[in-house]
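Please open the structure in your viewer and keep the sequence at hand. The tour proceeds by selections, each followed by a short account of what is found there.

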Amino acid sequence: MNIDLAYWQRISPYFKPQEIYSPASLQHCSHLIDIGFLKKINHLRAKIGKPIIINNWASTRVKIQDRIENAGVRTQNDNKKLGGASNSMHCTGRAFDIKIRGLTGIEIYNLVLETNFVFEGLGIYKSFVHLDCRANLTNKQNKNIKLWTKNY
Ligand SMILES: [Zn+2]
């Protein structure tokens, strides 16, 4: 996959492509990240004012369980290995698992709520929060926010 870096930097000042794509997803994914969603996560980052960790395999200290390379765009293969939902938004560039150093999942969730950004899918886990834009796919009539919690 070729990424136009100049374009990328304009729409994503806070996140480099390698924070969104794992090496495997860069090589094998046919889906690009959803641009609207990428802009949204950048706006969220600006509003929160703290680093948001998506993929970061440079440091084991920020490892998100075993999702260290798969918190952004995933290949179908990696998604299967992680036990992700078969229709996971991670495989179509419409989901991120975000972590903020020093905060639990519920604390990150509360921070996201304070920013008033609407994410159609929100999953709260012990150390991270899953954000997605599922309603932007095909299910336009269902604008209800789906919220779930796990492991806490
Ligand atoms: Zn997720």
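The stops below visit a sheet, a core, a helix and a loop. Please bear in mind throughout that this is a predicted model.

**First stop: the sheet.** Select strands E1, E3, E2 and E4, in that order; they form an open sheet of four strands with mixed pairing. The edges are E1 and E4 (residues 146-149), each of which pairs on one side only. On average, neighbouring strands of this sheet are turned by 15° against each other, direction ignored.

Now compare two of the pairings. E1 (residues 95-98) and E3 (residues 129-132) run antiparallel and are joined by four bridges. E2 and E4 run parallel, and four bridges join them. In the second pair, select Gly121 and Lys146: Lys146 in E4 is the bridge partner of Gly121.

**Second stop: strand E1.** Which residues of E1 point one way, and which the other? Ala95 and Asp97 share one direction, whereas Phe96 and Ile98 take the other, and all are buried. In a regular strand, side chains alternate between the two faces of the sheet.

Next, select Phe96, which stands opposite Leu131 in E3. Leaving aside residues up to four places away in sequence, Phe96 touches Ile41, Ile54, Ala71, Gly72 and Leu131.

**Third stop: the core.** Phe96 and Leu131 also appear among the residues with the most contacts inside the largest nonpolar core, together with Ile20, Ile54, Ile98, Ile108 and Val129. This core has 27 residues. Helices H4 and H6 and strands E1 and E3 each give two or more residues to this core. In soluble globular proteins, nonpolar side chains tend to be buried together.

**Fourth stop: helix H4.** Select residues 35-48 for H4. The helix has 14 residues and reaches 20 Å from its first C-alpha to its last, close to the 20 Å expected at 1.5 Å a residue. Its buried residues are Phe37, Leu38, Ile41 and Arg45. Viewed down the axis of H4, the buried residues fall within an arc of 105°, so they line one face of the helix. The cover over them includes helix H1 (5-11) and E1. Rotate to the other side of H4 to find Gly36, Lys39 and Ala46, which are exposed. Just after H4, Gly49 takes a positive phi of about 75°.

**Last stop: Asn116.** This residue lies in the loop between helix H6 (105-114) and strand E2 (121-124). Its phi is near 65°, a positive value in a residue other than glycine. Is Asn116 buried or exposed? Asn116 counts as exposed because it has 7 C-beta neighbours inside 10 Å, and the limit for an exposed residue is 12 or fewer.

Notes. Residues are numbered from 1 along each chain as its sequence is written. This is a predicted model: local features need pLDDT of at least 70, side-chain atom pairs count only at pLDDT 80 or more; totals for chains, interfaces and linings use all residues. A residue is buried if 20 or more other C-beta atoms lie within 10 Å of its own, exposed if 12 or fewer, and partly exposed in between; C-beta atoms are placed from the backbone. Two strands pair if DSSP finds at least two bridges between them. Axes are lines fitted to C-alpha atoms, for helices over the stretch in contact, and angles run from 0 to 180 degrees between N-to-C directions. A nonpolar core is a set of buried Ala, Val, Leu, Ile, Met, Phe, Trp, Tyr and Cys residues joined through C-beta atoms within 7 Å. Two residues are in contact if their C-beta atoms, placed from the backbone, lie within 7 Å. The expected span of a helix is 1.5 Å times one less than its number of residues. The arc is that of the directions from the helix axis to the C-beta atoms.
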